[in-house]
Amino acid sequence: MGADICHDIADLRAAARRRLPRGLFDYVDRGCDGDIGIARNRAAFDAITFAPPVLRGVADRSTATTLFGQSLAMPAAIAPMSPAGLLWHEGEGKLAAAARAFGIPYTLPTESMTRLEAISATMAGSPWWFQLYVWADKAESLRLVEKVASAGASVLLLTVDTVVAPYRAFNYRNGFATPFKPGLRNISDMLAHPHWLLGTMGRYALTTGVPRMLNHPGAPGALMGGGPSTRLNGGITWEDVAELRRIWPGKLLVKGILRADDARRAIEAGADGVVVSNHGARNLDGATPSITALPAIAAEIGRHGTILLDSGIRHGADIARALALGADAVLLGRAVLFGLAAYGEAGAARALHLLRHEFETAMALLGASLPAEITRDLVMG
């Protein structure tokens, strides 16, 4: 049975849960602390209701749009997600291939297990983006930015909401903490999931060895965490945004914005836009849901910069909600990652297909022939 037996993201999530060890599935699926943020993200989307007009003549429809001068199949890109290489053999490359075939950008994370040059080759002729964490050794981060520019990434996403590593107690209970240490609990968990163990880790063992963070300076970083120079830099400020603007030739987005005043400061520091995000509720459990923060941010900078939204999207209708409240596009995170974990590239492609189909259906029922026709008056809440 293949990915086509899955008819929504919930089906893909269930398939991913069956295939992955519990520790790895929880790492992807859960948030932090009491998982309050996960529930709030979903509840915030659900609270936004539609006010659909009728008789708009929507027989001819297209989900296509343009972002940063690039034509996209729909107003979305794949978010940066570091565990992809653990979910499926060469998972980041599989996500990139699915994105390219579908017609949207893929965002490679700093903590990736695939060299950026390989992603550049996979995405040749198609837009791809890079997500940046600023390391304790800031100079190494700036050197990485120069390599990213040389490799051809068109957009840099500077993540600013993770100045320290969040504490996730469930990772320790599952034996899946950073840095990763083999133990009875996690080893038995892996042995209980032979399809993942043989198909992912087994293939690595027979080819390139244990997957590591290959874009770290010098020797590649460890499986789950690098050396002291690549720890998170808790001292970054708005001047670091301005410094990146001076050296980065492409579009610059500041990711992790939940306040209108911070969005304004990002634009003033030279960013081309922001990603409204609470990091998928993975960092601070009480953080405002991204979709709740979006309207104020759109009112503040909507005419001055590009706005993307992530955290909590599970349905195509969620994309419509985000556009109606002021986003230009969205980042797709766990929804696509569940597909990858369950069926590899085919699963990621299935997730994208399902989301686009649901989005186009929502467009039609909202009387919109194009994404740009989804406006604020179409939603309530």
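**Close-up A. The second largest cavity holds about 40 Å³ of space.** This is a predicted model, and here we're peeking into one of its enclosed voids. Around the second largest cavity sit Tyr133, Val134, Thr159, Val160, Thr162, Val163, Leu232, Asn233 and Ile236. Sort that lining by class and you get six nonpolar and three polar residues, with no charged ones.

**Close-up B. The largest cavity comes in at about 50 Å³.** It belongs to a set of two cavities of 30 Å³ or more in the structure. Leu132, Val134, Lys138, Ser141, Leu142, Asp240, Glu243 and Leu244 line the largest cavity. Val134 is worth a second look: it turns up in the lining of the largest cavity and again in that of the second largest cavity.

**Close-up C. Helix 7 and helix 11 at the wall of the largest cavity.** Helix 7 spans 138–151 and helix 11 spans 238–247, and each one gives at least two residues to the lining. As for chemistry, the lining of the largest cavity splits into four nonpolar, one polar and three charged residues. Among the residues to pick out in this view are Lys138, Asp240 and Glu243.

**Close-up D. Helix 14, residues 316–324, is mostly covered.** Nine of its nine residues are buried. That goes for Asp318 and Arg321, as well as for Gly316, Ala317, Ile319, Ala320, Ala322, Leu323 and Ala324.

**Close-up E. Gly326 follows helix 14.** Zoom in on the backbone here: the phi of Gly326 is positive, near 120°.

How values were computed: Residues are numbered from 1 along each chain as its sequence is written. This is a predicted model: local features need pLDDT of at least 70, side-chain atom pairs count only at pLDDT 80 or more; totals for chains, interfaces and linings use all residues. Side-chain values use heavy atoms; hydrogens and water are left out. Buried means under 20% relative accessible area, exposed over 50%, partly exposed in between (1.4 Å probe, protein chains only). Helices (H or I, at least four residues) and strands (E, at least two) are DSSP runs, numbered from the N terminus. On a 1 Å grid over the protein atoms alone, a cavity is a set of points where a 1.4 Å probe fits but cannot get out, and a pocket is an open set with protein on both sides within 12 Å along at least five of seven lines; lining residues have an atom within 4 Å of a point. Grid points are joined across faces, edges and corners, and a volume is the space filled by probe spheres set on the points. Ala, Val, Leu, Ile, Met, Phe, Trp, Tyr, Cys and Pro count as nonpolar, Asp, Glu, Lys and Arg as charged, and the others, Gly among them, as polar.
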